[in-house]
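Q: Please take a close look at the strands of this structure and at how they pair. I would like one connected account, with the rest of the chain brought in where it helps.

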Amino acid sequence: GKQAIDDVSNQTGSMLAGLMGWPQAGCASKVDVDDSKTFVTVAREVDSGIQEVKCPLPAVITADLRLNEPRYATLPNLMK
């Protein structure tokens with residue numbers, strides 16, 4: 001959604017949210033759902049720091065690379 005072969009313009013999530021009429025939060029680096037499961041708080045990195053966006057659910061959320069912690073294969077597993 002954020003990156004494509006032609007540009008880095010985050011169009012897929014925005015277009016999907018617009019077509020469905022749902023709120024959108026792009027480039028999420030952290031996502032927290034409230035206890036009532038009716039709102040989501042999304043932290044996203046902007047030029048001036050971290051911006052928090054609160055959206056009602058359902059919503060379209062696009063992920064940044066910092067949202068997930070990658071798993072690395074161990075050497076024994078690579079040898080299998």
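A: A good place to enter the strands is Gln 24, which stands opposite Val 60 in β4. The model is a predicted one, and what follows describes that model. The pair belongs to a parallel pairing between strand β1, residues 24-33, and strand β4, residues 60-63, which is made over 3 bridges.

Strand β1 also pairs with strand β2, residues 39-46; here the two run antiparallel and 5 bridges join them. One facing pair is Asp 32 with Thr 41 in β2. β1 therefore has a parallel partner in β4 and an antiparallel partner in β2, where strands count as paired if DSSP finds at least two bridges between them.

Within β1 itself, one residue has an unusual entry in its backbone angles. Cys 27 has a positive phi of about 55 degrees, although this residue is not a glycine. Its place is in strand β1. The relative accessibility of Cys 27 is 13%, so the residue counts as buried, the cut-off for buried being under 20%.

The connection from β1 to β2 is a hairpin with 5 residues between the strands. Lys 37 is found in this loop. Like Cys 27, Lys 37 is not a glycine, and its phi is positive at about 60 degrees. The two residues part company in their surroundings: Cys 27 is buried, whereas Lys 37 is exposed, with a relative accessible area of 62%.

From β2 the chain goes on to β3 through another hairpin, with 2 residues as the link. β2 and β3 pair in the antiparallel sense, over 8 bridges. In this pairing Arg 44 stands opposite Gln 51 in β3. Strand β2 thus pairs with β1 and with β3.

Between β3, residues 49-56, and β4 there is a loop that holds Pro 58. The peptide bond joining Leu 57 and Pro 58 is cis, with omega about 0 degrees. After this loop comes β4, the parallel partner of β1.

The side chains of β4 can be sorted by face. In a regular strand the side chains alternate between the two faces of the sheet. Along β4 they do so: Val 60 and Thr 62 point to one face and are buried, while Ile 61 and Ala 63 point to the other and are not buried. Val 60, the residue opposite Gln 24, is thus on the buried face of β4.

The strands sit between two helices in the sequence, as the pattern of the protein reads α-β-β-β-β-α. The full count is 2 helices and 4 strands. The radius of gyration is 16 Å, well over the 12 Å that the globule rule gives for 80 residues, so the protein is more spread out than a compact globule. The C-alpha trace spans about 50 × 40 × 30 Å along its principal axes.

On the N-terminal side of the strands, helix α1 covers residues 11-20 and includes Met 20. Met 20 counts as partly exposed because its relative accessibility is 42%. Its C-alpha lies 17 Å from that of Asn 10, with 10 residues of sequence separation between the two.

On the other side, helix α2 covers residues 75-79, and Met 79 is found in it. Met 79 is exposed, with a relative accessible area of 65%. Its C-alpha and that of Thr 38 are separated by 46 Å, the residues being 41 apart along the chain.

Some totals put the strands in context. Of the 80 residues in the protein, 20% are buried, and Cys 27 is one of the buried residues. Among contacts between residues at least 6 apart in sequence, 39% join residues at least 24 apart. The protein exposes about 6300 Å², and carbon and sulfur atoms supply 54% of that area. There are 8 positive and 10 negative side chains, and the centres of the two sets lie 7 Å apart.

To return to the strands: β1 pairs with β4 in the parallel sense and with β2 in the antiparallel sense, and β2 pairs in turn with β3.

How values were computed:
Residues are numbered from 1 along each chain as its sequence is written. This is a predicted model: local features need pLDDT of at least 70, side-chain atom pairs count only at pLDDT 80 or more; totals for chains, interfaces and linings use all residues. Side-chain values use heavy atoms; hydrogens and water are left out. The radius of gyration is taken over C-alpha atoms; the globule rule is 2.2 Å times the number of residues to the power 0.38. Buried means under 20% relative accessible area, exposed over 50%, partly exposed in between (1.4 Å probe, protein chains only). Contact means heavy atoms within 4.5 Å. Accessible areas come from the Shrake-Rupley method with a 1.4 Å probe; for residues, only the protein chains shown count as cover. Lys and Arg count as positive and Asp and Glu as negative; His and the chain ends are not counted. The place of a charge is taken as NZ of Lys, CZ of Arg, CG of Asp or CD of Glu.
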